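Biologist: I have the sequence and the model open side by side, and I would love some company while I read them. Please pick one part, take a close look at it, and then show me how the surroundings fit around it.

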Amino acid sequence: MLRSCYPVLCTPDVAASAAFYREHFGFESAFEADWYVSLRHPDSGDELALLDPAHPSVPAGYGEAARGVLVNLELDDVDAVAARLEAAGVPVVQALRSEPFGQRHVIVRDPGGALVDVITEIPPAPEFAEAFGIDV
């Protein structure tokens, strides 16, 4: 029986990445070492972990920072969060915008290079409504 599922992102600066998720998104540490931090969000219980890619537990040849990964964080008010992130100097890699498939979002980069897609759901355009089981 599956008991849990969460991403573990390799990052060369575990402390900086953990601070990023705590400061900007409200995660709290569930376990913390200099090479690994497990984070849990107090509202949702969702988890995210960060791992130093040089740690011996990482299989040989795979010790690289996370790339090609988007961490989706769905929030109530992406506009307010996007403004706060930009004011804090968080690197924005895709500006705030609304998508016809039902998302308003901004994509930022965490200190380890992983992309964080900050999302608020919005009504989808008619051409996407059926995919959501919405009658038009």
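**A loop, a strand and their surroundings**

Modeller: Happy to. Let us start with Asp-77, which counts as partly exposed because its relative accessibility is 40%. What you have on screen is a predicted model, so please read every value here as computed from it. Asp-77 sits in the loop that links S5 to H2. If you want to gauge a distance from there, try Ser-17: this residue and Asp-77 are 60 residues apart along the chain, and their C-alpha atoms are separated by 23 Å.

Before going closer, here is the overall layout. The chain has three helices and eight strands, and reading along the sequence gives the pattern β-α-β-β-β-β-α-β-β-β-α. Its C-alpha trace spans about 55 × 40 × 30 Å along the principal axes. Of the 136 residues in the chain, 36% are buried. Looking at contacts between residues at least 6 apart in sequence, 46% join residues at least 24 apart.

Now for the part I would like to look at closely: strand S3, residues 36-40. Four of its five residues are buried, so S3 is largely enclosed by the rest of the structure. What stands beside it? On one count, strand S2 (residues 28-32) runs antiparallel to S3 and is joined to it by four bridges. One position to click on is Ser-29, whose bridge partner in S3 is Leu-39. The two strands form a hairpin, with three residues between them.

S3 also pairs with strand S4 (residues 47-51), again in the antiparallel sense, this time over five bridges. Here Tyr-36 stands opposite Leu-51 of S4. S3 and S4 form a hairpin too, with six residues between the strands, and within this hairpin Gly-45 takes a positive phi near 80 degrees.

From the strands we can move to the packing. The largest nonpolar core holds 24 residues, and the members that touch the most others are Leu-9, Tyr-21, Phe-25, Val-116 and Val-118. S3 is among the elements that give two or more residues to this core, and so are S4, strand S5 (70-74), strand S7 (103-109), strand S8 (115-121) and the helices H1 (14-25) and H2 (78-87). H1 provides the largest share, five residues.

Phe-25 is a good place to see this packing residue by residue. Leaving out residues up to four places away in sequence, Phe-25 touches Phe-20, His-41, Leu-73, Leu-75, Val-81, Leu-85, Val-116 and Val-118. Apart from the largest core lies another one, of five residues, and among them are Cys-10, Tyr-36, Leu-51 and Val-58. You will recognise Tyr-36 and Leu-51 as the residues that stand opposite each other across S3 and S4.

Just along from Phe-25, have a look at Gly-26, found in the loop between H1 and S2. With 29% relative accessibility, Gly-26 counts as partly exposed. Setting aside residues up to four places away in sequence, Gly-26 touches Tyr-21, His-41 and Pro-42. His-41 is thus a contact of Phe-25 and of Gly-26. For a distance across the fold, Gly-26 and Ala-82 are 56 residues apart in sequence, with 15 Å between their C-alpha atoms.

Last comes the open space. Rolling a probe the size of a water molecule over the atoms shows where empty space is left. The largest pocket has a volume of about 270 Å³. It is lined by 15 residues, and those that lie nearest its centre are Phe-27, Ser-44, Asp-46, Asn-72 and Leu-73. S4 and S5 are the elements that give two or more residues to this lining, with S5 providing the largest share, four residues. By type, the lining of the largest pocket divides into nine nonpolar, three polar and three charged residues. Leu-73 ties two parts of our tour together: this residue touches Phe-25 and lies near the centre of the pocket.

Terms used:
Residues numbered from 1 in each chain as written. Predicted model: local features only at pLDDT ≥ 70, side-chain atom pairs only at ≥ 80, totals over all residues. Heavy atoms only, no water. Buried < 20%, exposed > 50% of the residue type's maximum accessible area, 1.4 Å probe, protein only. Pairing = 2+ DSSP bridges. Core = buried A, V, L, I, M, F, W, Y, C linked by side-chain atoms within 4.5 Å. Contact = heavy atoms within 4.5 Å. 1 Å grid on protein atoms, 1.4 Å probe; cavity = no way out; pocket = protein on both sides within 12 Å on 5 of 7 lines; lining within 4 Å. Points joined across faces, edges and corners; volume = space filled by probe spheres on them. Nonpolar A, V, L, I, M, F, W, Y, C, P; charged D, E, K, R; others polar.
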